[in-house]
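Work through these exercises with the sequence and the model side by side. Try each task before reading its solution.

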Amino acid sequence: MTTSRGPRSAPAAPSVPGPGPAWFGAVMGTGGLATLLQIHAVRVPGFAPAAVVMVILGWVLLLGLGAGFARSVARAPDMWTSSVRDAAMLPLWGMVSMGLLAVGSASFVVVDARAPALSTIAFGVDAALWAAGTVLGLATALRFTVWLVTARPDHPLPTWALPVVPPMVSAGAGGLMSRHVDSEAVRSVLVGACSVCFVLALVLGGAVIARTYHHAWFRTPVPVELATTTWIPLGIVGQSAAAAQVLFGATLGGVARAYAASVLVAGAGLGAYAVFSTIRGFLARMPFNPGWWAMAYPLSTCALGSFYLDWDAASVFTVMVLIVIWSLCAVASVRAIARARAA
């Protein structure tokens, strides 16, 4: 999928692609941060207005990147074909799916808390983005699975988790939506669909992540230029912890909490590895690329899972770290784009 010149080498120049799927990590991270700022607004002064700002930024990024990519495809139709057929680009559509889901969920959470009169509209928008994101996520996950089975690649990378995480995000977001559905029949169908997404993502994600880490730890370290992608597998850890409690907390409360606590504690080891890899990358002076945003959304899912476990201190601390990471990625993105345009 992606080639490298060695674990200790770094590209000579930063890679700054145009608007498109590669940048949707920024949409995901912004949407995830908006949700967390709102749910912790009662605990931390300033989080409430910041959540509104993040939702607005999330929509600006979602619409801006979507329009920019559509314009690029109109000029060069082959770009669309390569983005869905190229094994290196296919996982990026997982980020598009999660971007839709993250912004939709954040919009409802923030609007419902800040402007209840508009909550029905916000719920409709959330439902529409959930449907679009879920269909896209399932299609991407299944298409990527077919590629894994048929191509049998022997060079697993953390980016392989991108196309298998979206169904888990759909499970969590859909489970939260089900709490606001009046019809018992519709709620049952929604919870059933989310449960299928949960199991599918857990099976595929577990297999992909296990193979990825086995390769990275025992065969070939993750290349320096991909150091930040080691955060991606944390997305399925944190999101599954949140989804388990949202979906099954009412009927299997003890089991759901035990599962969430177990995966978050186990995920701490993966988080330590991600921190180590990222520090190694920064020390090697890896240039900026949109992959830096891979640090944001996975961390936000861990904060969300902690919140549903009532680990409020851990969740708030994680949000504080996330704010720093989001700011770092935002500043680096603006600087890289400015340099690219100047060049």
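**Exercise 1.** By about how many helical turns are Glu-184 and Arg-187 separated in helix α7?

Solution. First, the ground rules: this is a predicted model, where local features need pLDDT of at least 70 and side-chain atom pairs count only at pLDDT 80 or more, while totals for chains, interfaces and linings use all residues. Residues are numbered from 1 along each chain as its sequence is written, and side-chain values use heavy atoms, with hydrogens and water left out.

Step 1. Find helix α7, residues 184–218. Helices are DSSP runs (H or I, at least four residues), numbered from the N terminus.
Step 2. Glu-184 and Arg-187 are three residues apart in this helix, so about one helical turn separates them.
Step 3. Check the contact: their side chains form a salt bridge at 2.3 Å, N to O. The term requires a side-chain nitrogen of Lys or Arg within 4 Å of a carboxyl oxygen of Asp or Glu.
Step 4. Check exposure. Arg-187 is partly exposed, at 23% relative accessible area. Buried means under 20%, exposed over 50%, and partly exposed in between (1.4 Å probe, protein chains only).

**Exercise 2.** How many salt bridges are there by this rule? Locate the others.

Solution.
Step 1. The count is three salt bridges.
Step 2. One of them joins the side chains of Arg-43 and Asp-312, at 3.3 Å, N to O. Arg-43 sits in the loop between α1 (24–39) and α2 (47–75), and Asp-312 in helix α11 (residues 312–342), so the pair ties together parts 269 residues apart in sequence.
Step 3. Arg-43 is partly exposed at 39%. Asp-312 is partly exposed at 25%.
Step 4. Asp-310 also bridges to Arg-257, with the closest N and O atoms 3.9 Å apart. This pair links distant parts of the chain, 53 residues apart: Asp-310 is in the loop between α10 (296–308) and α11, and Arg-257 is in helix α9 (residues 253–283).
Step 5. Asp-310 is exposed at 57%, whereas Arg-257 is partly exposed at 37%.

**Exercise 3.** Which geometry does the pair Phe-144 and Trp-147 have? Then classify Phe-282 and Trp-292.

Solution.
Step 1. The whole structure holds 16 aromatic pairs. Rings of Phe, Tyr and Trp (its six-membered ring) pair if their centres lie within 6.5 Å; planes under 30 degrees apart are stacked, over 60 edge-to-face, the rest tilted.
Step 2. Phe-144 and Trp-147 are tilted, with 5.4 Å centre to centre and 35° between the planes. They are three residues apart in helix α5 (residues 119–151), so about one helical turn separates them.
Step 3. Phe-144 is buried at 0%, and Trp-147 is buried at 15%.
Step 4. Phe-282 and Trp-292 have ring centres 5.1 Å apart and planes at 90°, so this pair is edge-to-face. Phe-282 lies in helix α9 and Trp-292 in the loop between α9 and α10, ten residues apart in sequence.
Step 5. Phe-282 is partly exposed at 33%, but Trp-292 is buried at 8%.
Step 6. Ring pairs link both into a cluster with Trp-23 and Phe-288.

Key
Helices (H or I, at least four residues) and strands (E, at least two) are DSSP runs, numbered from the N terminus.
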